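This report walks through one structure, from its sheets to its helix contacts and its pockets. Keep the model open while reading.

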Amino acid sequence: MLIRKNISLDDKYLKKLQPLLDANDGNLSAAVRDTIEIADTALTYHKSIDEAISFLKENPAKEELNDTIQSGENVIINRTMLEWLFRYTKGRLTDEELVNELINPFEIHDMKQLEEYLNWVSRTYQWTIRTSIKCEDIHNPESALVLLSNSTVNSRDFFAQLVAHFLARWKKLDVEHIFRRANSTQISFKKNLSISPNEIMPGLRKHFGYLDIVCKELDDNTEFWTQLMYTYNVERFNLVTLHRSQFEIFATGEIPNPTKILERLCKQSVCDMTLPDLLIHFRRIYLATQLVKNIEICLEPGRESVTIFHDFKNEKFIHNLVEYFSNIFMENGTLFETSSYSSMIVFRFYKEPRTNSPELYIEELESPQYSTKE
C-alpha cells in the first residue's frame, strides 16, 4: 500500500541527502527510503540515533589509530601515566621539530584550517579536546582567542603549548593571557613582530616555558646543582648569592657597586628604567640572592618606597648595605631619603627636593650620597 505524505526539510538536510539523491538519479522518495533503511540498521545495533551517529563518527578514527599502532608509529599508554607525564613536564617547551611533526606548517594555511586540523587530531588520538579559534582575519590575524574545552587541565595545557608554539613561529602571535577553568582553557594571542625567528616569544616563555632554562642547567650541570640545592635545603636557605667580584670587594671592607650586574640581569640600563620598573626588578633580584629576608615595595605615584627587612646585627655592615643599595637608586637619578632601623631599611622616593623632613634621615647617613641628586 502506497501512502503519500508531505514532509518539510530544511536546506541543510537536503544537502546531507545529496549523496543519496545522486545515487537515485534525483529521486527524493528513493533517497528517503534509503535513509530509513540506514536508520533501521543503525538502531538494530545501537540504543539511539545519537549513539549510532557517535559510533559512525568515531569508528573510522579508531580504525586509523589501530593501523598506526600496528605499524609502530603510535603506542598505547595508560591515561594515569600520561597525566603524570603532562603534570611533571609543565613549564618546558616542546622541541620545534616535534611541534611541526604534530602540526605540519605546510598543510595549515589559515586559522580555520588550524581549528579543523586540531579537532581532527583530537578525535583521531582520542584526546577529547575541543578547539575553537576566533579571530577577525583568518590568514594574517593581529589577535586571536583560542578556547580548549573538555579533557583534563594538564592535557589541555600540553595541547595549548603546542598550539601556542605553532602560532608564535608561523603567525607571529604571542601569548597575552591565559584563563584556566575547570573544563576549559582560554588563551588570548596578540601579534608581536619585534622578535626574530630564532627567539622564543616572551609570552610563550612566560606561560609555557618558564622552566626551560632551569631544566637545561640541571641537565648540563646535574652534580653541581644537586649539591647546591641540597646545601640550601640543609641550611634552610640561610646562604647568600653574590657575584665573585662583589664578594671580593665586600671581603676587603669596601662597598661594591651592584648597578652593572643588575643591568646585565635586566638587560636594560638603570638610567633608562622608570622607577616602578626598577623597584620591581630590585625586589625580584635581591630576594633571589637571599641577601635580605624580605622586600616590600610601594608603587603608588608620589609615594614610591622600598622597605628592606634583614636580620643583620653588625652596625657597620648595615651601614655598608644601605650604601650598597643606594648606588642603584642614585644611578637611576630619582631623589630619595633613607631611614635605617634595627632590622629594617627604608628608601622613600620623591620628585622634588625636601627641606622640612629631617626625621627621615639617620645621623650617620646625613650626607649628599643618601639624599641625591643635583
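## The β1-β2-β4-β3 sheet

Strand β2 (residues 143–149) pairs with strand β4 (residues 184–191). The two are antiparallel and share seven bridges. One bridge pair can be picked out by residue: Ala144 has Phe189 in β4 as its partner. The model is a predicted one.

Both strands belong to an open sheet of four strands, ordered β1-β2-β4-β3. Pairing in this sheet is antiparallel. At its edges stand β1 (130–134) and β3 (173–180), each pairing on one side only. On average, neighbouring strands here are turned by 20 degrees against each other, direction ignored.

## Helices on the first sheet

Which strands does α6 touch? This helix packs on the sheet against β1, β2 and β3. The direction of α6 makes about 170 degrees with that of β1.

Helix α7 also packs on the sheet. Its contacts take in β1, β2, β3 and β4. Here the reference strand is β4, and the directions of α7 and β4 make about 15 degrees.

## The β5-β6-β8-β7 sheet

Another open sheet of four strands runs in the order β5-β6-β8-β7. Its pairing is antiparallel. The edges are held by β5 (294–298) and β7 (335–340). Each has a single partner strand, so one side of each is left without a neighbour in the sheet. Neighbouring strands of this sheet are turned by 15 degrees against each other on average, direction ignored.

Strand β5 is joined to β6 (residues 305–309) by five bridges, and the two run antiparallel. Within this part of the sheet, Glu296 stands opposite Thr307 in β6.

## Helices on the second sheet

Helix α13 lies across β5, β6 and β8 (344–350). It runs at about 170 degrees to β5. Helix α14 (residues 315–332) packs on the sheet as well, touching β6, β7 and β8. The direction of α14 makes about 25 degrees with that of β8.

## Two helix contacts

Two packed helices are described by the angle between their axes and the distance between the axes. For α12 and α13, the axes come within 11 Å and cross at roughly 95 degrees. These two helices are therefore roughly perpendicular to each other. From α12, the contact uses Leu262, Leu265 and Cys266. From α13 come Leu278, His281, Arg284, Ile285 and Tyr286. By class, this contact has six nonpolar residues, one polar and one charged.

How do α9 (residues 212–220) and α10 pack, and at what angle? Their axes are 5 Å apart, and the angle is about 110 degrees. That makes α9 roughly perpendicular to α10. On the α9 side, Glu217, Leu218, Asp219 and Asp220 make the contact. On the α10 side, Thr222, Trp225 and Met229 do so. The contact of α9 with α10 divides into three nonpolar, one polar and three charged residues.

## The largest pocket

Rolling a probe the size of a water molecule over the atoms shows where empty space is left. The largest pocket holds about 1,200 Å³ of space. Its lining counts 35 residues, and the closest to its centre are Asn74, Val75, Leu82, Tyr125 and Trp127.

Several helices supply at least two lining residues each: α3 (49–71), α4 (79–88), α5 (96–102), α6 (111–124) and α7 (153–170). Among these, α6 and α7 are also the helices noted above as packing on the sheet with β1, β2 and β3. The lining has 21 nonpolar, nine polar and five charged residues.

## The second largest pocket

About 770 Å³ of space lies in the second largest pocket. It is lined by 21 residues. Nearest its centre lie Thr241, Leu265, Ile285, Ala288 and Thr289. Two or more lining residues come from each of α10 (222–234), α12 (259–266) and α13 (275–288). Helix α10 gives the most, with five residues.

By class, this lining has 15 nonpolar, five polar and one charged residues. Two of its central residues appear in a helix contact too: Leu265 of α12 and Ile285 of α13 belong to the contact between those helices.

Definitions and conventions:
Residues are numbered from 1 along each chain as its sequence is written. This is a predicted model: local features need pLDDT of at least 70, side-chain atom pairs count only at pLDDT 80 or more; totals for chains, interfaces and linings use all residues. Side-chain values use heavy atoms; hydrogens and water are left out. On a 1 Å grid over the protein atoms alone, a cavity is a set of points where a 1.4 Å probe fits but cannot get out, and a pocket is an open set with protein on both sides within 12 Å along at least five of seven lines; lining residues have an atom within 4 Å of a point. Grid points are joined across faces, edges and corners, and a volume is the space filled by probe spheres set on the points. Ala, Val, Leu, Ile, Met, Phe, Trp, Tyr, Cys and Pro count as nonpolar, Asp, Glu, Lys and Arg as charged, and the others, Gly among them, as polar. Axes are lines fitted to C-alpha atoms, for helices over the stretch in contact, and angles run from 0 to 180 degrees between N-to-C directions. Angles under 35 degrees count as roughly parallel, over 145 as roughly antiparallel, 65 to 115 as roughly perpendicular and the rest as oblique. Contact means heavy atoms within 4.5 Å. Two strands pair if DSSP finds at least two bridges between them.
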